[in-house]
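Thank you all for making the time this morning. I would like to walk through one chain with you, going from the overall fold to single residues, and I will put it on the screen now.

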Amino acid sequence: MLPVKRSPMSFGMLSCLYFAAVLLPWALSYVEGLAVRGVYEELVQLLSIVGLSMMLFQFFLTARVDAVARHAGVDNTMRLHTRMGEFLGYLILLHPFLIVAPRFFVAPSFALSDTWDLFTRPETSTGMYAWCLMLVWVLMAVFKERTGLSYESWRYTHSAGFVAIIILATHHAVTVGRHGRYNAWFDTLWIALCVLAVGMVLYVYFVRPRKVARQPFRVVDCAKGSESDWYLTIEKEGNFPFDFDAGQFTWISTSPSVFARNEHPFSIATTRKSLPKVSYVIRELGDYTRQLGKLVPGQRVWVDGPHGVFTQNARNARGVVLIAGGAGIGPIMGILRELCDQKDERPIRLIYGNRTIEQMSFLTEIESIQSQLDMESILVLEKPPEEFSGHTGYINRDVLEKIASHPDAGTWDFYICGPPIMVKAVESALLSLSVPRDRILYEQLGF
Ligand SMILES: Cc1cc2nc3c(=O)[nH]c(=O)nc-3n(C[C@H](O)[C@H](O)[C@H](O)COP(=O)(O)OP(=O)(O)OC[C@H]3O[C@@H](n4cnc5c(N)ncnc54)[C@H](O)[C@@H]3O)c2cc1C
């Protein structure tokens, strides 16, 4: 089997580095010889230290610091941020109950009053405020679709709320946390990490925009390309360096001020050959994407990026399978166009799904590329017109089976891009068809 050449860091590797980082404070507590008590206490201690360190590291995952983003990929770090956020919520919400749980066995008659005491003691007040805020913010994250808040308002609230939570939680750790009480350097570590985490937020909101301001673009054209999609083309406004790999994405803001942070991630649908122009396929979904028709040629656009690791550079696959759902055709077209520019001789397969034929884009160009490469394509429609020769329904196991059962499929890379639900379903189907996990790359159109 052909070993996978990674591009540039896999999600698994990033996760390993992340766990090493969040476990480091706990490991350091042993190096310093801090007291170890019973097994249960030690477990609670581990979970408390890891909980706080995860909370602080959440800020590093979303910071878009170039040096980190280049190696880890912002799509990977955002994915890790979201997944760890869920776990962190449980960890922190359980924290006070894990501390009092033994009392329910040792002295059950005092357990309830001890629990009440823990929640109301003046010295634990900052911890309790952090805990209550965490509860509200976790519920807001879980029910974010139902809160009625726009994504932007939700994001501001999310950042402000969690800054308050980490400051309160750090105060709690250095005043009440066991290691904090006994060891000054542990306090210094928490305070330093907290300051860095708050610094990351300030970086995202105040420093990063200054960098973005140095690479202004302007709208060339924004027109309806299919029933549901806009094709947006923008152009560099100046001679600054800007390069990207096909399949990457950028955050775009069309607000007058670069500090407004009213930005949305969209994947580039072209290759670097198109520079100084860059194009996107954008599906109408909500407040922002529905009013893209109001953009006028010449209007300023702020571009943060390129970001992401959904690229075919630095990979060594012997075949490429491209699977697009809806607006996922944008980056998939970018990669396909790049393969065509490179006159790639490997087998290429394209599966492209949508609800209706009116939502399909680039069909003529796909046909033309197909005639130049060793390529086959399958169109999938949920509601096909009469005399449709493709597959009816979703991109499912039936559609994927023929491709995945090719004798060389184990050495092919499978690129999936589309709405999160579609990406998850296709990934599971591929895994069930024995496609190696490290041969599957995906970009979900949503973090
Ligand atoms: C890496 C990445 C690449 C993407 N590429 C494309 C693309 O090429 N074409 C395309 O049509 N869509 C793409 N998306 C999705 C696109 O960003 C959202 O559809 C768009 O931001 C929706 O904005 P809205 O205000 O119109 O919709 P809303 O109704 O406000 O939002 C719909 C959903 O989109 C997500 N969303 C909204 N605003 C943001 C934001 N600022 N940042 C992150 N997510 C947000 C949220 O999950 C929200 O629930 C991509 C998303 C990601 C994460």
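Before I say what covers what, let me fix one term: two residues are in contact here if their C-beta atoms, placed from the backbone, lie within 7 Å. Please also keep in mind throughout that what you are looking at is a predicted model.

With that term in hand, let me start at helix α14, which runs over residues 397-404 and in which Val-399, Leu-400, Ile-403 and Ala-404 are buried. Viewed down the axis of α14, these buried residues fall within an arc of 120°, and they therefore line one face of the helix. As general background, an α-helix has 3.6 residues a turn, so residues three or four places apart point the same way. On the other side of α14 we find Asp-398, Glu-401 and Lys-402, which are exposed. What, then, covers the buried residues of α14? The cover includes the strands β7 (319-325), β8 (348-354), β9 (375-381) and β10 (391-392), together with helix α15 at 420-432.

Let me step back to the whole chain, which has 15 helices and 12 strands. Its radius of gyration is 25 Å, close to the 22 Å that the globule rule gives for 447 residues, so the chain is as compact as a globular protein of that length. Along its principal axes, the C-alpha trace spans about 75 × 50 × 40 Å. Of the 447 residues, 34% count as buried, and among the contacts between residues at least 6 apart in sequence, 74% join residues at least 24 apart.

As for domains, the assignment gives domain 1 at 11-211, domain 2 at 213-307 and domain 3 at 319-444. The C-alpha centres of domain 1 and domain 3 lie 40 Å apart.

Next, the ligand, which I expect will interest this group. Which residues come nearest to the ligand? Of the 24 residues around the ligand, these are Tyr-151, Gly-286, Tyr-288, Thr-289 and Ala-327. If we ask about secondary structure instead, β4 (263-267), β5 (277-283) and α11 (287-290) each supply at least two residues of the shell, and β4 gives the most, with 5 residues. Sorted by class, the shell has 12 nonpolar, 7 polar and 5 charged residues.

Now to some individual positions, beginning with Gly-330, which lies in helix α12, residues 329-341. Is Gly-330 buried or exposed? There are 29 other C-beta atoms within 10 Å, and since 20 or more is the cut-off for a buried residue, Gly-330 is buried. Leaving aside residues up to four places away in sequence, Gly-330 touches Ser-267, Ala-269, Tyr-280 and Val-281. Gly-330 and Thr-233 are 97 residues apart along the chain, and their C-alpha atoms are separated by 12 Å.

Set beside that Ala-164, which has its place in helix α8, residues 151-175, and is partly exposed, with 15 other C-beta atoms within 10 Å. The C-alpha atoms of Ala-164 and Thr-124, 40 residues apart along the chain, are separated by 16 Å.

Finally, there is the backbone geometry, where I would ask you to look at four places. The peptide bond from Leu-275 to Pro-276 is cis, with omega near 10°, and Pro-276 sits in the loop between β4 and β5. The peptide bond from Gly-305 to Pro-306 is also cis, with omega near 5°, and here Pro-306 belongs to strand β6, residues 300-307.

The remaining two places concern phi, and in each case the value is positive in a residue other than glycine. Arg-64, with phi near 60°, is found in the loop between α2 (39-61) and α3 (66-72), and with 19 other C-beta atoms within 10 Å it is partly exposed. Ser-434, with phi near 65°, is found in the loop between α15 and β12 (440-444), and having 10 C-beta neighbours inside 10 Å, Ser-434 counts as exposed.

That is where I will stop, and I am glad to go back to any of these places on the screen.

Note on methods
Residues numbered from 1 in each chain as written. Predicted model: local features only at pLDDT ≥ 70, side-chain atom pairs only at ≥ 80, totals over all residues. Domains from an automatic or database assignment. Near = placed C-beta within 6 Å. Helix = DSSP H or I, 4+ residues; strand = E, 2+ residues; numbered from the N terminus. Nonpolar A, V, L, I, M, F, W, Y, C, P; charged D, E, K, R; others polar. Buried ≥ 20, exposed ≤ 12 C-beta atoms within 10 Å, placed from the backbone. Arc of directions from axis to C-beta. Rg over C-alpha atoms; globule rule 2.2 N^0.38 Å.
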